[in-house]
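User: I should like to learn how to read strands, burial and surface patches from a set of coordinates. Could we work through one case together?

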Amino acid sequence: VLKPNLVVYPQGSDPNYAELSGIGTDWRVVKAVANIVRELNPDGIINIIESSAEPSTREVLNFYKYTEENFPNIDAIIAYEDSCGVYWDYNDEHLETLLLDDNIRLYPDDKKPNLSPEFYMAKIFYDADVVISIPVLKNHLMAIITGGVKNVAIGTVPTSIYANSETSNAKWTKIDHGFENLNKWIHDYYLLKPVDFTLVDGLQGFDHGPTGEDELSMEEMQHNMRLIL
């Protein structure tokens, strides 16, 4: 699994920001990783999976040029809402039900959608042999930084369980985004399936993430970093 970091469109959905926006992982970085993986494993299955906030993930994928034409070495580009099952069906066959030891988990059960110790993960993610997280170098208003951990601990939660509604993929009502509990959630969910590798797209850094706040322009929030971590 290759997990980029796509959330929403940049301000005004300006097509000039489909690359090097600092908001979404540049598709060329993910393509380079895919080419390396394919060279190492010619016969393996490589999936790109993503769950945007707004609007539909497929629309966001297409905006940022995550298309079959641009990824000939990829088996599938998967929008999460198409692969997580029926909304609020905890027993859906597309989901894996997971638990953490009581001495490890931090996020309170009374903040979970089901008010119980279980966590839910999409099987297509849980069953992957290798997960590569490919976030963008940007800060985050609540989690402080978007990196290899947060990119999967929020970006791979099943939209069928944790999305705000059937029509909104954002996850700030079903997962408490208050400063303390958001970080507890990220801690717990990441431990359920840690990533194997992280590669950070730092071609363009970004302030006031994840999508740009404080009424600043894109130019005021962007930083030309020209690096890969």
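Analyst: The following turns treat a sheet, a surface patch and a buried residue in this predicted model.

User: In what order do the strands of the open sheet lie, and which are the edge strands?

Analyst: One reads a sheet by following the pairing from strand to strand. Here 4 strands form an open sheet with mixed pairing, in the order β8-β7-β10-β11. The edge strands are β8 and β11 (222-228), each of which pairs on one side only. On average, neighbouring strands of this sheet are turned by 25° against each other, direction ignored.

User: In which sense do β7 and β10 pair?

Analyst: Strand β7 (residues 136-140) pairs with strand β10 (residues 201-206) in the parallel sense, over 2 bridges. Within this region, Lys138 stands opposite Phe206 of β10.

User: Is Ile144 buried or exposed, and why?

Analyst: The criterion is relative accessible area, with exposed meaning over 50%. Ile144 counts as exposed because its relative accessibility is 51%. This residue belongs to strand β8 (residues 144-146). Together with Leu141, Met142, Ile145 and Phe179, Ile144 forms a nonpolar surface patch with about 490 Å² of accessible area.

User: Is Ser133 buried or exposed?

Analyst: Buried means under 20% relative accessible area. Ser133, in strand β6 (residues 132-133), is buried because its relative accessible area is 0%.

User: Which residues does Ser133 touch, leaving out those up to four places away in sequence?

Analyst: Its contacts include Lys3, Gly147, Asn151, Val195 and Phe197. A separate reading concerns Val30, 103 residues away along the chain: its C-alpha atom lies 9.8 Å from that of Ser133.

Definitions and conventions. Residues numbered from 1 in each chain as written. Predicted model: local features only at pLDDT ≥ 70, side-chain atom pairs only at ≥ 80, totals over all residues. Heavy atoms only, no water. Patch = residues over 30% accessible without salt bridge, like charges linked within 9 Å, V, L, I, M, F, W, Y side chains within 5 Å. Areas by Shrake-Rupley, 256 points an atom, 1.4 Å probe, with all protein chains shown as cover. Salt bridge = Lys/Arg side-chain N within 4 Å of Asp/Glu carboxyl O. Buried < 20%, exposed > 50% of the residue type's maximum accessible area, 1.4 Å probe, protein only. Pairing = 2+ DSSP bridges. Axes fitted to C-alpha atoms, helices over the stretch in contact; angles between N-to-C directions. Contact = heavy atoms within 4.5 Å.
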